[in-house]
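Work through these exercises with the model open beside you. Try each task before reading its solution.

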Amino acid sequence: MTEAHAALQPTVAGPLSHLRILEIAEDVPGPFAGRLLHDLGAAVTKVERPGSGDSSRHTGPFRDDEPDPEASGLFSYFNRGKRSVTLDWTQPRGRDLLGQLLDESDVLIVDERFGASHDELLALCEEHGGGERALSVVSITPFGLTGPRAHWRGSPATISAYGGLTLYFGEADRAPIPPPQDLALTQGGLAVAIATLYTVLGRGGQPGRGQVADISIVDVLSSVHTGLAATHWVFDSRQFQRHGRRSQGGLYPNAMLRCKDGFFRVHAMSQKEWRGLLEMMGSPAWGDDPEYQDRIVNGDRYADLLDTYIESYLMQHTKNELFEQTRERQLPFSPVRQMHEVLEEEQLLHLGLFRELAHPNGEQFTAAGSPFRWRNAEDDAPPETDPTGAALLRAPRLGEHNDEVYGDLLGLDAAEIERLRGDDVI
């Protein structure tokens, strides 16, 4: 590690404070991975295109629907605490600068916009990973770096449909509906973060063992969300079906049912819980009807009818009233929270999850902080203390750290940096 490299300190303390990550990825998956690794202490430098930057800067949401590339909620959330440099790596001088940045990095995170093949990424590892350290590359693409679909592009909706996940969203008698867009993107980001940790830990302390981790979002979705369905199909040719607000199979009830001010999740996993629900409802006569004693049959034949019976009680009470009633009886039911209720949830507030975060333009907004908490055995701080500090670092302005990175880290003088700006290299 060079002295300049050592001078580029992480913005938060954490177990990965020795790690330097270069991120050339846009939108959600790569930036989400970078943000998680930042929360663990890694120093993340984000490389953006001169002029336009990360596409999420132009996506929003924006306050009052006024577009501002320095005030996108999406960009601010997934890129807080990072350094931003601008670079056109397609130009010869830009490619040279990229090589110098790679020489000072442990891991490169890229998405399909980087435009490199698997062999080209391996060549980067070999070229910039010798000596006492190793460079690893973590690639995230819709369909992977190799194989007949390697060149395909895809949106979250098309990837979810192609990978089999969409089939399980919606009502059984209607067309499938797309799953939440961020489900595909954030799951991909989690896989990238895990792969990054493996590329570092997997070196086993040996120099020059950089490697390429190939993350396909279709693979992630198919293995995480449709693995059980695939197993059923392989073993007994049974196709899972959409069940809308109900969960498939098992004992009745297991559904989202209406209440006075929204929806309530009712899931009686045992006979004791089923009897507890009936007692809470005042022991209705239909609960003792011999026809409704087999709860598997209830789910197959009588679910619609029994839902109306249960909802007639739930509709008389609010979510909070029902939650108190079920907690008193130790029933594992739950209100379906809306976002404003999540932001006010006392447990999350106790843990300090939601904090005030600043847009690069200075405006404040509430956002989720780090999901990680830890303390040493000798540390007297309470466990809910956020190890990243009381304040969340804001996301960077486009190219905000050009002088620091190109000057302090790479040793370019001010005149050269200004020439690079004039030539649209940075």
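The exercises below cover a sheet, a buried side chain and several salt bridges.

This is a predicted model: local features need pLDDT of at least 70, side-chain atom pairs count only at pLDDT 80 or more, and totals for chains, interfaces and linings use all residues. Residues are numbered from 1 along each chain as its sequence is written, and side-chain values use heavy atoms, with hydrogens and water left out.

**Exercise 1. Determine the strand order of the open sheet of six strands, and find its edges.**

Step 1. Assign the elements: helices (H or I, at least four residues) and strands (E, at least two) are DSSP runs, numbered from the N terminus. Two strands pair if DSSP finds at least two bridges between them.

Step 2. Read the order: S3-S2-S1-S4-S5-S6, with parallel pairing.

Step 3. Find the edges. S3 (83–86) and S6 (212–216) each have a single partner strand, so one side of each lacks a neighbour in the sheet.

Step 4. Check one pair. Four bridges join S2 (residues 43–48) to S3. Val47 has Val85 in S3 as its bridge partner.

**Exercise 2. Place Asn402 and describe its surroundings.**

Step 1. Asn402 lies in helix H15. Helix H15 (residues 402–409) lies across S2 and S3.

Step 2. Asn402 is buried (under 20% relative accessible area; exposed is over 50%, partly exposed in between; 1.4 Å probe, protein chains only), at 3% relative accessibility.

Step 3. List contacts (heavy atoms within 4.5 Å). Not counting residues up to four places away in sequence, Asn402 touches Ser84, Val85, Thr86, Gly407, Arg421 and Ile426.

**Exercise 3. Analyse the salt bridges Arg113–Glu26 and Arg80–Asp39.**

Step 1. Apply the criterion: a side-chain nitrogen of Lys or Arg within 4 Å of a carboxyl oxygen of Asp or Glu. The whole structure yields 25 salt bridges.

Step 2. Arg113 and Glu26 meet at 3.5 Å, N to O. Arg113 sits in the loop between S4 and helix H5 (118–128), and Glu26 in the loop between S1 and H2, so the pair ties together parts 87 residues apart in sequence.

Step 3. Compare accessibility. Arg113 is partly exposed at 36%, whereas Glu26 is buried at 10%.

Step 4. Arg80 and Asp39 meet at 2.9 Å, N to O. Arg80 is in the loop between helix H3 (73–78) and S3, Asp39 in helix H2, 41 residues apart. Both Arg80 and Asp39 are buried.

**Exercise 4. Which residues are linked with Glu23 in a network of salt bridges?**

Solution. Lys46, Asp54 and Lys82 are linked with Glu23 in the network.

Technical notes:
Axes fitted to C-alpha atoms, helices over the stretch in contact; angles between N-to-C directions.
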